[in-house]
Each structure stands twice: as structure tokens, then as C-alpha cells.
Amino acid sequence: MSFFGFGQSADIDIVLDGQESRKTAEIKTEDGKKERHYLYYDGETVSGKVNVTLKKTGSKLEHQGIKIEFIGQIELYYDRGNHHEFTSLVKELARPGDLTSSTTYPFEFLQVEKPYESYTGANVRLRYFLRVTIVKRLSDTVKEQDIIVHTLSQYPEMNNSIKMEVGIEDCLHIEFEYNKSKYHLKDVIVGKIYFLLVRIKIKHMEIQIIKRESTGTGPNTYNENETIAKYEIMDGAPVKGESIPIRLFLSGYESTPTMRDINKKFSVRYYLNLVLVDEEERRYFKQQEITIFRRADKGRKGAMGYLQHKSSNPPPSMTPTTQTVASDEKGSDAPQE
């Protein structure tokens with residue numbers, strides 16, 4: 001037995017019901033490593049048992065109560081002192097007393113609402129976890145166990161294609177088309193680019209997928225951009241009337257579903273960025289926001305609720321740093337240095 005209650009006199013183990021057959025999923029940690037935890041969905045019951053094992057046979061553990069919590073929280077890395085909890089449920093496992101032998105306590109959080117997907121980003125983390133606390137006079141004994149939540153979405157049959165004409169007046173006029181505006185995580189982006197007017201010498205063209213993580217609100221909003229995919233679609237000069245196909249497989253890249261205004265703390269959005277480079281190394285680009293979602297498996301469609309995403313405003317235009325170019329009435333391009 002530890003003197004004066006210091007030290008940990010019992011071990012806590014959390015065992016989830018059905019964990020032998022439950023799927024697991026990976027998630028990045030703050031330091032870029034990956035962890036694997038049990039996978040849950042919105043509305044699923046989280047249940048199991050808590051094993052409290054005394055470290056020394058014949059010893060006695062005096063406590064002020066034992067409880068288990070189910071917590072969903074958002075942690076902003078620039079505000080680490082404040083954890084913003086959007087879900088917090090508590091179950092009492094034992095009232096104050098003495099624990100004279102190792103004991104098992106069952107628990108059940110019935111049909112728990114889990115409105116957001118687990119996420120670890122550059123400046124924010126959203127996590128779900130179980131926390132068991134043995135309350136003691138001087139030093140509590142605490143054990144936490146994370147779970148991962150995936151949010152499933154289904155969209156209406158209507159999934160409009162993206163068609164845009166963009167150009168530089170009297171120099172370049174192109175038309176690009178993507179087959180749809182909403183894609184699931186393992187989808188294929190299919191499209192075409194048409195060159196209607198080419199009077200500048202283009203030597204290279206690529207399509208990028210850009211992930212933009214926004215944290216904070218109003219003037220305190222901070223954007224972190226990450227290029228998660230680059231796909232070269234042309235190497236050499238195009239000619240008027242030429243058409244170039246695009247076929248980009250999303251399954252080969254690490255992306256998450258689009259997350260908009262999560263608990264008024266952060267957003268994660270995705271953009272297709274078309275980049276053209278001329279012979280003088282000037283970069284011309286055009287961004288278009290797309291929605292990425294996690295598609296429900298066939299076996300889960302009947303049981304799960306779906307999140308319906310509202311259409312969003314187009315992404316803010318990016319201005320050139322060294323040169324301004326003219327545009328037609330339907331779109332504009334700007335050189336990137």
C-alpha cells in the first residue's frame with residue numbers, strides 16, 4: 001500500500017464490448033505518428049467493463065467514488081489550456097468506500113450522439129475518449145482510452161458537374177470540366193480541359209488537391225494550407241482546340257471528409273487547383289472547392305443517420321504578388337510566384 005495515499009495503488013483497464021470483432025481505424029497523432037483505435041459511428045452504444053485491479057493482494061483502497069465519462073472535445077493547439085467539450089456523459093460506477101479486492105464494473109452509454117468525425121490537424125484536434133477516475137483524497141487515479149468516430153454521409157442523386165471558362169484576355173482561354181462536385185474518399189476525379197485560345201507559351205500543367213484547415217473566428221481566423229496531391233496532366237505546349245483528360249484517384253492520398261464550421265471552432269475544406277506554368281516560370285492557377293465525404297457501407301445504410309452538407313460559398317480568390325492580368329467575365333487567373 002502506498003504511504004499517505006501517494007502513488008497508484010490500483011490498475012485500471014477498460015474493455016469494450018465486442019472489441020474482438022469491432023473494426024479499428026488509424027488516426028494521426030500530434031507528432032505525425034499513427035495510432036489505431038476501435039471505430040464507432042454516430043448513434044452507436046458504447047459499453048463494456050472497467051477492471052480495477054489492486055496492485056497488492058490483501059491491500060485496501062479507500063476512495064471517494066469511481067466514475068466513467070464519455071467525452072468529445074476539441075483542442076486548439078494555440079489555446080491548450082482550454083478543452084472545448086461538445087459531448088460529456090458521466091456514469092457512477094461506485095460510491096465512496098473501501099475497495100478490498102479487484103473488482104469489475106459494467107458500463108453503458110446508450111446510443112451516444114457523436115456528431116463530428118475524429119480529426120487531428122496542423123492546429124486542432126477533435127477526439128473522443130472514455131475516462132475512468134478513482135477519486136481519492138490527495139491524488140486521483142485516472143485512465144483514458146480513445147476511440148475513433150467516422151461520420152457517414154449520403155448525398156442526393158443530384159451531384160452537379162463543375163464547368164468553368166477562365167482566361168487571360170487575348171492570351172489564354174481555357175474551359176475545364178469536372179464530372180461532379182462531391183466525391184467520396186475513394187472516388188475518382190474525372191474531367192477534361194479544353195484550350196480555346198493559346199497565345200502564351202505554356203510548358204507545364206498540373207492539378208493539385210489542396211486541404212485548407214481554418215481555426216478560430218473572425219479576425220482571429222488562421223488558415224493552414226497543405227497540398228496533399230499533385231498530378232501532372234501536361235508536359236509541353238498545348239495548341240488551340242486541344243483537349244486533355246484528367247483522371248485522379250483519391251484513394252491514394254490521405255484525406256478526411258470536408259468539415260464545415262465544426263462546433264464554431266474549425267473547418268477543413270478541399271480545393272482542386274489547376275496550375276499552368278509558362279516558359280518564363282510564371283504560374284497561373286484557378287481554384288475550385290469540392291466536397292469530400294465518407295460513404296456509408298451497404299450494411300450500415302439502414303442503421304445510420306446521415307449528415308447533409310449545405311452548399312458553400314466559393315473559395316476566396318487569391319491575388320497575384322507581382323503581376324495583374326486581365327480576365328474575362330466568367331473567371332480569372334492570376335500568376336503565382
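Trainee: How many bridges join strand E14 (residues 172-178) to strand E16 (residues 188-198), and which way do they run?
Mentor: This is a predicted model. In it, E14 and E16 are joined by 7 bridges and run antiparallel. For the register, take one facing pair: tyrosine 178 stands opposite glycine 191 in E16.

Trainee: In what order do the strands of that open sheet lie?
Mentor: The order is E13-E14-E16-E19, an open sheet of 4 strands with antiparallel pairing. Strand E13 (162-168) and strand E19 (243-249) stand at its edges; each has a single partner strand, so one side of each is left without a neighbour in the sheet. On average, neighbouring strands here are turned by 20° against each other, direction ignored.

Trainee: Which strands make up the open sheet of 3 strands, and which are its edges?
Mentor: Its order is E1-E4-E9, and the pairing is antiparallel. The edge strands are E1 (10-16) and E9 (103-109), each of which pairs on one side only. In this sheet the average turn between neighbouring strands is 20°, direction ignored.

Trainee: What joins strand E4 (residues 46-54) to E9?
Mentor: There are 7 bridges between E4 and E9, which run antiparallel. Serine 47 stands opposite glutamate 108 in E9.

Trainee: Now E11. Is strand E11 (residues 124-134) largely enclosed or largely open?
Mentor: Start with the cut-off: a residue is buried when its relative accessible area is under 20%. By that criterion 9 of the 11 residues of E11 are buried, so the strand is largely enclosed by the rest of the structure.

Trainee: What should I keep in mind about side chains when reading a strand?
Mentor: In a regular strand the side chains alternate between the two faces of the sheet.

Trainee: How many bridges join strand E6 (residues 66-76) to E11?
Mentor: E6 and E11 are joined by 11 bridges and run antiparallel. Within this pairing, glutamine 73 stands opposite arginine 127 in E11.

Trainee: Where does E11 form hairpins, and how many residues lie between the strands?
Mentor: With E10, E11 forms a hairpin that has 3 residues between the strands. With E12, the hairpin has 6 residues between the strands.

Trainee: How many bridges does each of these pairings have?
Mentor: Strand E10 (residues 119-120) is joined to E11 by 2 bridges, running antiparallel, and threonine 120 stands opposite arginine 125 in E11. For E11 and strand E12 (residues 141-150) there are 7 bridges, and these strands also run antiparallel. There, threonine 133 stands opposite valine 142 in E12.

Definitions and conventions:
Residues are numbered from 1 along each chain as its sequence is written. This is a predicted model: local features need pLDDT of at least 70, side-chain atom pairs count only at pLDDT 80 or more; totals for chains, interfaces and linings use all residues. Side-chain values use heavy atoms; hydrogens and water are left out. Buried means under 20% relative accessible area, exposed over 50%, partly exposed in between (1.4 Å probe, protein chains only). Two strands pair if DSSP finds at least two bridges between them. Axes are lines fitted to C-alpha atoms, for helices over the stretch in contact, and angles run from 0 to 180 degrees between N-to-C directions.
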